[in-house]
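Student: I am new to this structure and would like a close look at a single part of it, the nonpolar core. Please take the parts around it in as well.

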Amino acid sequence: GGSCGTPSGLSAGSITTTSATLSWGSVSGATSYNLEWKLNSASTWTTVTGLTSTSYGLSGLSAGTTYNFRVQAVCGSTSGTVSGAASFTTASGSCAD
């Protein structure tokens, strides 16, 4: 069987207090991507599978908090290596609601 590449160029943009748009470079031959994310302080990852684009919007985040994410390419029945983790920090709320 062939191999499936590892996503690179992970970045987070459009960061607000409660959301961020995560993106990564495309992998040749990938049919979908699995995104894993978690609180920097957490030990378990939340997985989002079957993504067909190279970006994903996370919402419902906490303000002023650091999160980690990593991506795995899926090429048909073969899954590639999970990328190294990248991190981002949500914006801090400037005033209480």
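Tutor: What follows begins with the chain as a whole, goes on to the core and its aromatic rings, and ends with parts to be read beside them.

The model is predicted. Its protein chain has zero helices and eight strands, and along the sequence the pattern is β-β-β-β-β-β-β-β. The C-alpha trace spans about 55 × 25 × 20 Å along its principal axes. Of the 97 residues in the chain, 33% are buried. The chain exposes about 5100 Å², and carbon and sulfur atoms supply 44% of that area. Contacts often reach far along the sequence: among those between residues at least 6 apart, 61% join residues at least 24 apart.

Now the core. The largest nonpolar core has 20 residues. Those with the most contacts inside it are L22, W24, L35, W37, F69 and F88. Several strands build this core, with at least two residues each from β2, β3 (32-39), β4 (46-51), β6 (66-75) and β8 (86-89). The strand that gives the most is β6, with five residues.

L35 is a good residue to start from. Setting aside neighbours within four places in sequence, L35 is in contact with L22 and W24, and F69 is also among its contacts. The rest of that list is T46, T47, V48, L51, Y56, R70 and V71.

W37, another of the residues with the most contacts inside the core, leads to the aromatic rings. The structure holds four aromatic pairs. One of them is formed by W37 and Y67, a tilted pair with 6.1 Å from centre to centre and 55° between the planes. This pair links distant parts of the chain, since W37 is in strand β3 and Y67 is in strand β6, 30 residues apart. Both W37 and Y67 are buried. Together with F69 and F88, these two residues form one aromatic cluster. F69 and F88 are also listed among the residues with the most contacts inside the core.

A further ring to look at is that of W45. The charged end of R70 sits over this ring, 3.8 Å from its centre. K38 also lies over the face of W45, at 5.2 Å from the ring centre. R70 has been named already, as one of the contacts of L35.

Strand β6 also takes part in a covalent link. A search of the whole structure finds one disulfide. The disulfide joins C4 to C75, with 2.0 Å from S to S. C4 is in the segment before β1 and C75 is in strand β6, 71 residues apart, so this link too joins distant parts of the chain. The link of C4 and C75 is right-handed, with 70° about the S-S bond. Is each end buried or exposed? The relative accessible area of C4 is 10%, so C4 is buried. C75 has a relative accessibility of 15% and therefore counts as buried as well.

A contrast to these buried residues is S14. S14 lies in the loop between β1 (11-13) and β2 (20-23). Its phi is positive, about 50°, although S14 is not a glycine. With a relative accessible area of 58%, S14 is exposed.

Methods:
Residues numbered from 1 in each chain as written. Predicted model: local features only at pLDDT ≥ 70, side-chain atom pairs only at ≥ 80, totals over all residues. Heavy atoms only, no water. Helix = DSSP H or I, 4+ residues; strand = E, 2+ residues; numbered from the N terminus. Buried < 20%, exposed > 50% of the residue type's maximum accessible area, 1.4 Å probe, protein only. Core = buried A, V, L, I, M, F, W, Y, C linked by side-chain atoms within 4.5 Å. Contact = heavy atoms within 4.5 Å. Phe/Tyr/Trp six-rings, centres within 6.5 Å; stacked < 30°, edge-to-face > 60°. Lys NZ or Arg CZ within 6 Å of the ring centre and 35° of its normal. Areas by Shrake-Rupley, 256 points an atom, 1.4 Å probe, with all protein chains shown as cover. Disulfide = S-S within 2.5 Å.
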